[in-house]
Structure formats: C-alpha cells, structure tokens
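Here is a short walk through one structure, written for someone who will have it open in a viewer. Grab a coffee and follow along.

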2 protein chains.
Amino acid sequence: MNIRDVAQRAGVSISTVSRVLNDTGYPVKPETRQRVLEAVEELGFRPNDLARGLHLKRTRTVGLVIPDITNPYYPELALGVEATASGEGYSVIFCNTNRRAEKLEHYVDVLLQKRADGIIIAGGGTDFSPVSQVLSDFDIEAAVIGRHNLPFPSVQIDNVGAAYEATSHLVELGHERIAFISGPLSLTSVQDRLNGYREALRRRGIERDDRLVREGDFQPESGYSAARSLLQGSVRPTAIFAANDRMAIGAMAAAFDLGMEVPEEVSIVGFDDITMASYVRPALTTVSLPGYEMGASAMRLILKLISGKECPRVTWLPAELVVRDSSGPPPRSDGSPIRKGGVEDKI
Amino acid sequence: MNIRDVAQRAGVSISTVSRVLNDTGYPVKPETRQRVLEAVEELGFRPNDLARGLHLKRTRTVGLVIPDITNPYYPELALGVEATASGEGYSVIFCNTNRRAEKLEHYVDVLLQKRADGIIIAGGGTDFSPVSQVLSDFDIEAAVIGRHNLPFPSVQIDNVGAAYEATSHLVELGHERIAFISGPLSLTSVQDRLNGYREALRRRGIERDDRLVREGDFQPESGYSAARSLLQGSVRPTAIFAANDRMAIGAMAAAFDLGMEVPEEVSIVGFDDITMASYVRPALTTVSLPGYEMGASAMRLILKLISGKECPRVTWLPAELVVRDSSGPPPRSDGSPIRKGGVEDKI
DNA sequence: AGCTTTTCAGAAAAGCTTTTCTACATTCTA
DNA sequence: TAGAATGTAGAAAAGCTTTTCTGAAAAGCT
C-alpha cells in the first residue's frame, strides 16, 4: 500500500499524487485532484513518513529528555512541549533518563539515528560536555530547560531570585533558624536555589549555619527524613525551605508525625507549585513555576531554530512566590506557638 | 555522512559495513571488521534509521497514548513503558489526548505514518470503534491498558473488585452513609468502580442512595467541591470513597476547610496510590495500582506481538487496598467523633 | 597440480517518497 | 495558420540502508 497504488487507482502518475497530497508544485487540475483524493480515501493510504523523511531530511520529530517523569513538575512541562509540538505537526519522543548520564547519551544517539529535528533537554545534572559536542556536530537543533552555561538556547527561571524571595518571606515573618533541604547538589538549579537562600540570610544579617542545610534528592521521602532529623536535631529550625514541593510535603508529613503544627511551630515553604501544593493542608506556600509554559517555550525555540530564525540565547520566565498557609510567624521564644485565628478555625 | 562514506574510508564495500554494524550475514574477517569500526568511530557515523526502517519495515518505535499526563498515575505508567521499551531498543512517542477523540485519531494517523511498530492506549473514554478498525487494517500491534471489550490484548486491574473491597472496608468500619465521587462516567473503568461500590453496599444490605454519588473529573478540584457539597448536604456521609487519589486529596482538603477531622468525622478512601497518598496527612487509605507494572506489561505485550508470539487477551494485575490513616470508624450517632489514641498523638 | 569447497567481498535491487526536468496538449498571439 | 506561451502530466533520480546473488580468492582434498 503505497503512493504507487494510489496513482494506479486514480489513473495518474506518482508525481501527481504527491503534488495533490502536499499541495506543492503547480496546481493540479481540480478533477484530477478529486480522483486522487478519492483513491487515497478508498485505499486508506497513509504516506510513509520514513521515505518522506529520508528525502526531505526532516522528520517533524523532536526528543524530550526528562530526568524523572515521576516528579509532577515534569509532566506539566511535557504537556507544554507536546501541545505546542502537536499543534505544529510535530511528534515528541519521550526520553526518561533517571538522571543517568549513560541514558542521556543513549537517547542522544537514538534521536540522532532517528534523525529527529530537535531535542529538548530538561533538568540535567549529568555532565553535558560529551553530549553537547555531539549535538553541535550534527544537524539537530537543541534547547535546554532550567540550565545555563550551555552552548544552546535555554528556557530559564531565576532560581537564585526565587529562592531569595522565598527565604526573605520567612525572614520577614521573623524566622532566624531557617533550614534548607536541597535537591541533588550536582544540579546547577539546586546550587542556584541554595545560593539564593544563603544570600537572603546574609543580606538580613542572619548567620549562616550549615547544620541547617541538608541534601535531598527531590523525592518526598528525602524531605521527610531530612525534616525529621532537622526537627529533632540540636539546632531546631523554625522554618524549612525545601527545594521542591514533594520534599516540602514530605517535610510537612514529618512535622505532623512529630506532633508539630504547621505553620504554628514550623513554617514550611516549597518550590514548583505542583497541583498538590494547593490541596495539601495546610496549603503549601511555594514558588510557582510556569511548567507548561517552560515546555511550550522550549518547543517554540526549537521550531524557530528549525525554520532558521534567530532566537534568544536565554528566555527568562517568571517564578512567583505564592503564599498560602504553611508559612507563618515563628513560635515565641518560650516555644509556645502563635496560633492563627480566623476563617480556618474549627467550626 | 552515510554508510557509503564509512565504506570508502574503510576501503570496503557498503555491504561489508552493514554486515559489521548489524552482525548479520557471514562473519566478517576480524581485521576488516576492525577497519570498519575505526572508520565508523572516526566519522562519528550514525546509521539512518529512516532508511533502515524503510527497508526493514520496522522502526522499533511505539506510540503511547495517554489521556492526561498530569494525572500522577500516568507518569508511573509511562515510566514502565519507557523503561521496558528502551531496554529492548525501542523508542516511545508520547501522545497526550486530553480525552479528546480527535486527538486520539490524529495520533493514530501520525503513528501509522511514522510506521510505528506498536501502539499502547491507556485510559480511554473516547469512542474507540473508528480507531480500532483502522488499527486492525494496518500492520501495527496494539494493546490497551485499563479497558476491556476491545479487540486488542489488554492489561487490566479488577476495578469492580477493588472498589468492592474499598467500600467493604468502610462498611466494616461501621459506615452506612458512604459517598462515591466518580470519575467521568463515560469511562468503563469508572463504571466498574461505581458498580463495585454499589455491589458492596448491596451485599451488606445498605440501601443505595444516589444522592451520595457525584461525578468528578479526576481533578482534585472536582473532589474538593464534590466533598464540600456532600459534607454540607442534607444526607451527610460519614465516609467518602473517591475514584482516584487526587480527588480524594481534594476531598480531604474540603473536610479540613469545613473544620472536620479525618478520619474521626469523615473517612476518606482513594484509588491509585500515587506517591503523595503516603505523604498527605492523615496518610490516605487507597487502592494501590501497579502503575509501572501495567505500563511494563503492556509494552511486553507489544513486544510479544511484534515478534509474532502468542499473547494473552487479558493480563490481570493485582490491585490492593492499602489501609492508612484516613479511614476509621464513623462518629457515634450523637455526632461526636471517635478519636484515635496512640503514637500519633501530639508530643 | 588440479579440482572442489569454503570464506569473504562487492554489485545491485528494493523499500517509498519528493522534486526536477522533460514532454505533450491546449490556448493564445501575430 | 504557424508559432509561442501556458497548463498539466509523467519519467527518473536521489535519499540511505539491507540483503540477495554473484564472484573471486583461499583453503582443503586426492
């Protein structure tokens, strides 16, 4: 079942069928066109994209490389990529790396072999240098999300600023012992968040205490155990800022399990603003990231690059602190919590 | 940069390069092989999968069709598909439908044109008949997840049984007014869960009250508003069973916002066992689905079909009720809650 | 040494599409 | 009416790989 069968059935040549299907070349005579269309319909012909791509040297396919689709921030992003890709007739190949360098390299090879037109790399953490060399050598456009210092256009949020703001929010509430649960420190985005946190403390004249910094892995369990150990430790923090919402929610669970009230006894702030952040109780104060939009922007970047247009080296997208109920003033120095009054009191 | 360049550089013929690369045909003499491999290395040659697929008539590509990647149950499933696919050298094209029939049809066309070897359709809800006709007409293997009554092998869990079990759990705790927040009723899986719920009530001699059944859309917001209206309604339930965890967590938030204790005043049970179900407080009692395994099984099914092996029409996977802290006995008839004692009391 | 068998390599076709170039009708112009 | 211009169609090449078939060289046998 190929274009030849269609041509035969319509009593025209292969070229004519192709011209009808692609609306290319000179305009085909209406009745001929009609015959072709009918033949296509009757035979249920689907042009072979392999042969097409082979000839045209583009496949309308992009790869989306993601560290961990299980982290609810990434599906959002993937959706942004998929929606704008499919809106432009592109398909996306889903590549999950589990933050393993070899899986990244594997997928780069795969995408190169499949002659993908573009590749979007989200997150990161793994060493990029070998990969970026390869990508530059081949005819494939690349964009990265959430990473800078790379030879590709990127979509970014201001991690330093956002972490600074979140930390400042806590300082302004009166907190002085503010813990930070980071993600994997190998990630530049995590380093940036850590720097923002430290900078906020420094500017407010709060002495840095590295016993209050723990390295997590973005999984809720790591937030849980870090918070548990912080809250039972010798320098008990009155607030915890976690580098993502899943760890923050883990931290909330730890506080709960230790019988501590949030935010009366510990404030907790997250990062990402995943859907669940709004539905957890108390609702999580967090930094809201435009996940969908980041994916969509990256895909738009790729589309531009493919069509040979200029495109900005860095696209900055806004992150915004959204204050909900998990952050409040610290307990008084005697340790007694300041209770909130108002609408959310028990009936 | 193609196989011809490699052949030239290695001083051999194209055929020999192909044989070396694919380990096919007769064994190539070691030194010739060495020369070819060196040439490949030096030139950074990547065989063109389009040309390959064109000839071989298989692409080592499968499509994964998902209703809503934003629902945390699906990333799990996608991961299962991706991991087993990539383990066998397959790539997966990510297709998000938003439960729209036309997007499903669009993606089927795309996959057909790309000559994907297989297609995995998860969830569903949209009418399948046009699509299943097309799929049978073409040379593509198909498997479905979470749907039966379809002319393709499927991976299933026993939705009726699982909902029955969850409801029974609540009945056994002493609940009689048990509400059900469903997903979209067009989904067979949702109908099954509803039937399981009803069957459990029937068997226990509890009269069915359809005022306690609300149709949600699997989003937390719908769980929140359904629960809110139920808990403020005239026939206030003592327990709520939601058709997925996101709605259950929404329901928990509603209870909290109404100043009601979970589980002392309302028990809440979910479905899916997403990661957050364990970290929400109180931890959510829910039906645990093997999301990853369902994805992996479906992919294995496809692999079997591709290699021409027989494969079971239906693969049943176990769902299991996991009882956590969001379900307990109903409040006494005077309305006063039964409080739990023990480890979770405040320090 | 002369023959058969084995080992290894290359030529060429096939797989399906797009596109350029050639060619035939038809219509218009002088 | 002869010729040019225009409109429409087909033939064929190119894009890259796999695989079959043919063939040459090396090895084995009597």
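## Around DNA strand D

In this predicted model, a polar backbone atom of B:Ile3 sits 2.4 Å from a phosphate oxygen of DNA strand D. B:Ile3 is also one of the residues that come nearest to the strand, along with A:Ser13, A:Tyr26, A:Thr32 and B:Arg52, out of 29 residues around it. Another phosphate oxygen entry to look at involves A:Thr16: an N or O atom of its side chain is 2.9 Å from a phosphate oxygen of DNA strand D. For a base contact, go to B:His55, where an N or O atom in the side chain lies 3.2 Å from a base oxygen of DNA strand D.

How do the strand atoms within 4 Å of the protein split between backbone and bases? For DNA strand D, 64% of them belong to sugar or phosphate, and the rest to bases. On the protein side, α2 and α4 of chain A and α2 and α4 of chain B each put at least two residues into the surface near this strand. The largest share, five residues, comes from α2(B). By residue type, that surface has 12 nonpolar, 12 polar and five charged members.

## Around DNA strand C

Now for DNA strand C, which has 28 residues around it, the closest being A:Ile3, A:Arg52, B:Ser13, B:Tyr26 and B:Thr32. A polar backbone atom of A:Ile3 is 2.4 Å from a phosphate oxygen of DNA strand C. A:Asn48 also brings a polar backbone atom to a phosphate oxygen of this strand, at 3.1 Å. The base side is represented by B:Arg19, with an N or O atom of its side chain 3.1 Å from a base nitrogen of DNA strand C.

Sugar or phosphate accounts for 63% of the atoms of DNA strand C within 4 Å of the protein, with bases making up the rest. The helices that each supply at least two residues of the nearby surface are α2 (14-22) and α4 (49-56) of chain A, plus α2 (14-22) and α4 (49-56) of chain B. Here α2(A) gives the largest share, five residues. The surface near DNA strand C divides into 12 nonpolar, 11 polar and five charged residues.

## Inside chain B

Strand β1 of chain B, residues 61-66, has six of its six residues buried, so it is largely enclosed by the rest of the structure. In a regular strand, side chains alternate between the two faces of the sheet. In β1(B), B:Thr61, B:Gly63 and B:Val65 point one way, while B:Val62, B:Leu64 and B:Ile66 point the other way. Six bridges join β1(B) to β2 (residues 91-96) of chain B, and the two run parallel. Within that pairing, B:Leu64 stands opposite B:Phe94 in β2(B).

Is B:Ile240 buried or exposed? It counts as buried because its relative accessibility is 0%, under the 20% cut-off. B:Ile240 lies in β8 (residues 239-242) of chain B. Beyond four places in sequence, its contacts include B:Ala179, B:Ile181, B:Leu230 and B:Val266.

## Backbone oddities

Two cis peptide bonds are worth a look. A:Arg281 and A:Pro282 are joined by one, with omega about -5 degrees, and A:Pro282 lies in the loop between β9 (267-272) and β10 (285-288) of chain A. The bond from B:Val262 to B:Pro263 is cis as well, with omega near 5 degrees; B:Pro263 is in the loop between α11 (245-257) and β9 (267-272) of chain B.

Then there is positive phi outside glycine. A:Arg115 has a phi of about 55 degrees, lies in the loop between α6 (101-113) and β3 (118-122) of chain A, and counts as partly exposed at 24% relative accessibility. B:Asn98 has phi near 50 degrees; this residue lies in the loop between β2 and α6 (101-113) of chain B and is partly exposed at 42% relative accessibility.

## How far to trust it

Chain A has a mean pLDDT of 93, with 95% of its residues at 70 or more. The stretch to handle with care is residues 340-347 of chain A, where pLDDT stays under 50 and the model has nine contacts beyond four places in sequence. Where pLDDT is low, the predicted coordinates should not be read in detail.

Note on methods: Residues numbered from 1 in each chain as written. Chains lettered and ligands numbered in written order. Predicted model: local features only at pLDDT ≥ 70, side-chain atom pairs only at ≥ 80, totals over all residues. Heavy atoms only, no water. pLDDT = per-residue confidence, 0-100. Contact = heavy atoms within 4.5 Å. Near = heavy atom within 4 Å. Polar contact = N/O pair within 3.5 Å; in protein donor to acceptor, adjacent residues only side chain to side chain. Helix = DSSP H or I, 4+ residues; strand = E, 2+ residues; numbered from the N terminus. Nonpolar A, V, L, I, M, F, W, Y, C, P; charged D, E, K, R; others polar. Buried < 20%, exposed > 50% of the residue type's maximum accessible area, 1.4 Å probe, protein only. Pairing = 2+ DSSP bridges.
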